[in-house]
Structure formats: C-alpha cells, structure tokens
Protein chains: 2
Amino acid sequence: MTLALGLDVGGSTTRAVVVSASGSVLGSARGPGANPVVYGEAAVSTIAAAVRQAVADLRVEASVMGIAGGLGGFDGDFARMWASLGVPPPRLVSDVELAFVSGTASRTGSVLLAGTGAAASHVVDRVAVATADGHGWLLGDLGSGVWLGREAVRHLLTTIDQASSGGLLAARVLEGLFGEPRPMTRETASEAIHRVHAAPVPTLASLAPLVLAAAEHDPHAADILDRAAAHLQETLATVRPKDDDSPIVLAGGLLAQGSPLAARLPYPTITHAGDAARAAAWLALHDLSLDTPHPREVRT
Amino acid sequence: MTLALGLDVGGSTTRAVVVSASGSVLGSARGPGANPVVYGEAAVSTIAAAVRQAVADLRVEASVMGIAGGLGGFDGDFARMWASLGVPPPRLVSDVELAFVSGTASRTGSVLLAGTGAAASHVVDRVAVATADGHGWLLGDLGSGVWLGREAVRHLLTTIDQASSGGLLAARVLEGLFGEPRPMTRETASEAIHRVHAAPVPTLASLAPLVLAAAEHDPHAADILDRAAAHLQETLATVRPKDDDSPIVLAGGLLAQGSPLAARLPYPTITHAGDAARAAAWLALHDLSLDTPHPREVRT
C-alpha cells in the first residue's frame, strides 16, 4: 500500500496527515505553529513531533509540505530531521499554493485569502505566478482581519468624536476591548487607544468577528464589510486575468462558508479552501504518479 | 513697559518669545522638543533654557504656554523652575487652541491640523469644545503626513504587484526609501516593506512631501491628495457646526500656504496658522487686559 505524508505548517497550527493512494487518512497529528521564520530552530522539533505522531510505524514514500516563507535557513536541521524519522524530504509549496490545491482539483485558477492578513494569487499549473497584497498590517492586508478590527475601533473613536451614543458595533467593540460596557466618553476613547497600542497589532484581528456578527443589524458594520469586500476584489483583480473563468478558491477564516464577507464577493465560480494537510498529501501522491481522488471528492 | 512671555512647546521644537504691549518682540529663543509626556523631566530644563535666553534681564508680567497633553505630572518641577527664573507661572493652553489663536483674532472658529498627525477642533471663546481624530497613526490621523507616506508606499507596492513599470510617484518613493533608483521587482518590494518596518512609523511622514511634489504630474499622487483632503474634510465636519461661517485655521506643515493639499479644501473662510509662540504672548497680554494687536496685524 503506497502512502504519502502531507504537512500544513502555519503560524499558529501545524498539521500532518498520512494518506493512502485511495485517499484514506491513516494517521494524523496537530501541533502548535512552526513557521521557522517566526519560531526559528524550535520549528524543526515541533514539525518532527507532528510527523512522528502521524506516521507512527507506517512507511511513507513521498511528502509535500506547505509553508509560508520557506525553511528560514534551517535547511540542514530539516534534512537531518527527515533522515532520522525515515521520511522522504518533502517537496515545498507555499501556503497560498496549498490553499488553492485544497479547494480545487483544477491546475489553474486564483486564490483569495483573508484571515489575519489578506492576499491574492493567480495560479498556473499549481504554481503562484502573480501575487498581490500580503504586505502586512502596516502597509497593506486590506480587507483582512486586522484591517476589519482597526476599522471597528476607528468606528468607535469616530462615534465618540461625534458625541453620539453609538449603535451595536460601537457597543460590541467597547466590550471586546474592555470586557464590559463603558460610557462613550473621551476618557474611554483614550483608554481604548492605549489598550490597542499595548497589545501586538495582529490581535486587532480578534475584533473582526464582531464586525461580521453585527453586519446584519448595524449599517456601520455592513459598510465596513462592503469596503473590505471592495478591497479584496481590487487585490484579486490585480493578479487575475480579465474574463478568466477558472475557479476562485476563497481561503482564510474571514472567507469561510457562510461568512457575510464571502457573501459580498460577486464571483460566479467560487469554491472554499479545504483541508490543507490532506491537499499536501494528495499532491505527494500525484508526485508518485498516482491518480488519487481529490479530497473534495472523497467523503469518508 | 508691560511685557509678556509666550511659549510654544512641541514634540520637536520649543520656542519662547517676549512681547511688549504694542506687539514688539523683545526677546526670543528656540530649543529642541520638550513635551514632558515624551521627554519626562528633561523637558523642564529644556524649557528653562529657552525661557532664560528669551527673557534675559527683562521682567515679564504674564505668560502663556501652549503644550500638548499638559505637564506630564511634573507640576512641582515646573513650579520650582518658574520661581527660580522669576517668571509668573504660565497659563496652559493646548497646542490646538494655540494654533487657532495664531491664525485669527476671532474667539470662535475651527482649526484643522495636518502635520505628522491629523486632527480638527471646534473652538468657542478660544477653548476647544470638540475634537475629532488625532487618534495616532495606528488607528487614525487620516490625511496626515504618516497617512500620505503610507499611501505612497502602498502605491509603490501595488505598482510592483501589477508588474507595471510605474510613474513619477513610484520612482520618487523608491528613491526616498533607498536613496537611489531600484528595479521594480518583488525583491525590491520585500526590501521596501522591510525598510519601512525597520524605522519608527512616524518617519513615514518624511515621504509625504514626495506626494505633494508629484501631484501635478502623476495622477496617482493627485488621487492620494484627493483622498487625504476628503478625510480631513470629514474630520472637520465631525466637530464643526453645519453652515457655520466662523474662520477655519489650517495648521501643520501639510496645510501651509501654497500646499496642494490645502488647495483641495473647499472652505471659503480659510486662514493659516501663524507664529504660535507670539500667539501665546498675545494671549498673555490679553490676560493683563491689554489690547495688543493680533500678530497677524503687526508687520515689524
């Protein structure tokens, strides 16, 4: 029985799965984030632990690892790790390419991602040939979770500037920042600004779900989502050929199925990203020239 | 002869002037920034040095100090300093109120400020009764120098995403970031992002003059200024009563006379902020019930 290992290494989660040629999952593991650009050498042992658990005493013949930004200069450490685990060194693909593959068996199309950050890529033969945004929260990531969280706080501050009592979104943001209701005063505004600056900027993304949840009831939340959707469309249009009818894969927590932000995107050929680790294993099986069905087509 | 001391204490410059009842400047000094919120106890001695130089052996009977954010808890140190210099403790006004007074003898009106940051206040009887924005570069300061600089870098990054060769603004931003021309490649984009993150965020404002200078020749620069002007108008509209015809004072380097950003503001009753230290001295003379002419009306 031919088996392949798929790895999805992210900033907050690492996943490993072992999949058979027929598409069955025979082993899996989940660990903390392990991007070597962020976590340095510790990433190697985090990934090793996940692989050891997923592979156990199985024998894998190929592997693919999805990882943003590559091995961070720890190529030697990784090589020794694969050798010691008896696993073939994985072919590397980017997180964006893997998100695309997880959503479609098509070789060509586009992927639009909105999670903590935001970016779009056009993909030809499963390789990202053009990428837009993904420039980080200071200079870009328009329409991302951090962007939504920042617009939500801005709405609160503007509401206080206007000496208005505010609606649902302003109240929710106050609760999100302070854990309790607060009066809509200038002191509250100053303290809100202080709290946002005291935390790492990416944690602004934790306010994004408040905007999604308030959109149906508060026109200000709906307006923020409208603007986020416009930004994301502009980002995708930067890389996607005009009148292309290839699939568009939506990825990232903000564009999950049923999300009111995803619902604002007018594309006719949308699919949602799926299980990235399984997609990596599927790619590895294809590397072995096996015609394993795409995870989207397998319901086990 | 009755004399008053005026102080304008900012984040990067401290100015002191001694003015006579007729409006003549009899002493002046300039020193580094001395905001106590930023510089702590060192602010007290910086201000003392400027006062000592401006006052010399003159005797002042009143003083006013414009300062953002107050004395930062160093009230006792300041009190001892004034006593040791033989200067009456100054009445404190905010930097925004002083900017308003520097531009007009009117007691009521609005002030719109765009420098490194951006904010607007409505002023009644020379006291700011409502303020909008001024929320800092992370959450606000829309239309400010940092905002313009960030939009300029965004334009560069988008140009590279589009695989376009770019126009005047993109070329100028590259030169501004690297000190020399660079190819429009993804490597350059990554390095540009890295350089922006390596410097304190407020230094993004150093790119703002490039946008002002390119606006006549590059439609992208003009578009950035249009959006900045729209943001500033929205900020002012938050605090200024509708159909008010009181004066609007424009303050901050980006709204200086002849600025293409100021030219985009459609207000009929604009005046520009003037010498803030002289305005402070003028307020101090008025505190003594002297009818000194407003600095705008004196040409010495």
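This is a short dialogue on how to read a predicted model of two chains, A and B.

Visitor: Let's start with the pair. How are chain A and chain B related, and by what turn?

Guide: In general, two copies of a chain are related by a rotation about an axis and a shift along it. Here, a turn of 180 degrees with a shift of 0.0 Å along the axis lays chain A on chain B, with an RMSD of 0.1 Å. The two copies are therefore related as by a two-fold rotation axis. If you want to find that axis from chain A, look for L138(A): its C-alpha is the nearest to the axis in that chain, at 4.1 Å. Both copies use the same surface, as 100% of the contact residues of chain A recur in chain B.

Visitor: Which elements of chain A give two or more residues to the side that touches chain B?

Guide: They are strand 8 (127–133), helix 5 (145–161) and helix 7 (186–198) of chain A. Helix 5 of chain A gives the largest share, six residues. Across the whole contact, 20 residues of chain A meet 20 residues of chain B. On the chain A side, these residues divide into eight nonpolar, eight polar and four charged.

Visitor: Now a single chain. What domains does the assignment give for chain A?

Guide: The domain assignment gives domain 1 (3–94 + 275–297) and domain 2 (107–246) of chain A. Their centres, taken over C-alpha atoms, are separated by 31 Å.

Visitor: I can see a sheet in chain A. What is the order of its strands?

Guide: Strands of a sheet pair through backbone hydrogen bonds, either parallel or antiparallel. In chain A, the open sheet has five strands in the order 3-2-1-4-5, and its pairing is mixed. Strand 3 (25–32) and strand 5 (91–93) of chain A are the edge strands, each pairing on one side only. On average, neighbouring strands of this sheet are turned by 15 degrees against each other, direction ignored.

Visitor: Which helices should I look for against those strands of chain A?

Guide: Helix 2 (residues 42–55) of chain A lies across strand 1, strand 2 and strand 3, and runs at about 155 degrees to strand 3 of chain A. Helix 4 (residues 95–103) of chain A also packs on the sheet, where it touches strand 1, strand 4 (62–67) and strand 5. The direction of helix 4 makes about 115 degrees with that of strand 4 of chain A.

Visitor: Let me move to chain B. Which strands pair with strand 1 of chain B, and in what sense?

Guide: Strand 1 of chain B pairs with strand 2 (residues 13–20) in the antiparallel sense, over seven bridges. These two strands form a hairpin with three residues between them. To check the register, find L3(B), which stands opposite S20(B) in strand 2 of chain B. Strand 1 of chain B is also joined by six bridges to strand 4 (residues 62–67), and those two run parallel. There, L7(B) stands opposite M65(B).

Visitor: Are the residues of strand 1 of chain B buried or exposed?

Guide: Seven of the seven residues of strand 1 (residues 3–9) of chain B are buried, so the strand is largely enclosed by the rest of the structure. L3(B), L5(B), L7(B) and V9(B) point one way, while A4(B), G6(B) and D8(B) point the other way.

Visitor: And why is helix 4 of chain B called largely enclosed?

Guide: Because nine of the nine residues of helix 4 (residues 95–103) of chain B are buried. Among them are D95(B), E97(B) and F100(B).

Methods. Residues numbered from 1 in each chain as written. Chains lettered and ligands numbered in written order. Predicted model: local features only at pLDDT ≥ 70, side-chain atom pairs only at ≥ 80, totals over all residues. Least-squares fit on C-alpha atoms with pLDDT ≥ 70 in both. Contact = placed C-beta atoms within 7 Å. Pairing = 2+ DSSP bridges. Helix = DSSP H or I, 4+ residues; strand = E, 2+ residues; numbered from the N terminus. Axes fitted to C-alpha atoms, helices over the stretch in contact; angles between N-to-C directions. Nonpolar A, V, L, I, M, F, W, Y, C, P; charged D, E, K, R; others polar. Domains from an automatic or database assignment. Buried ≥ 20, exposed ≤ 12 C-beta atoms within 10 Å, placed from the backbone.
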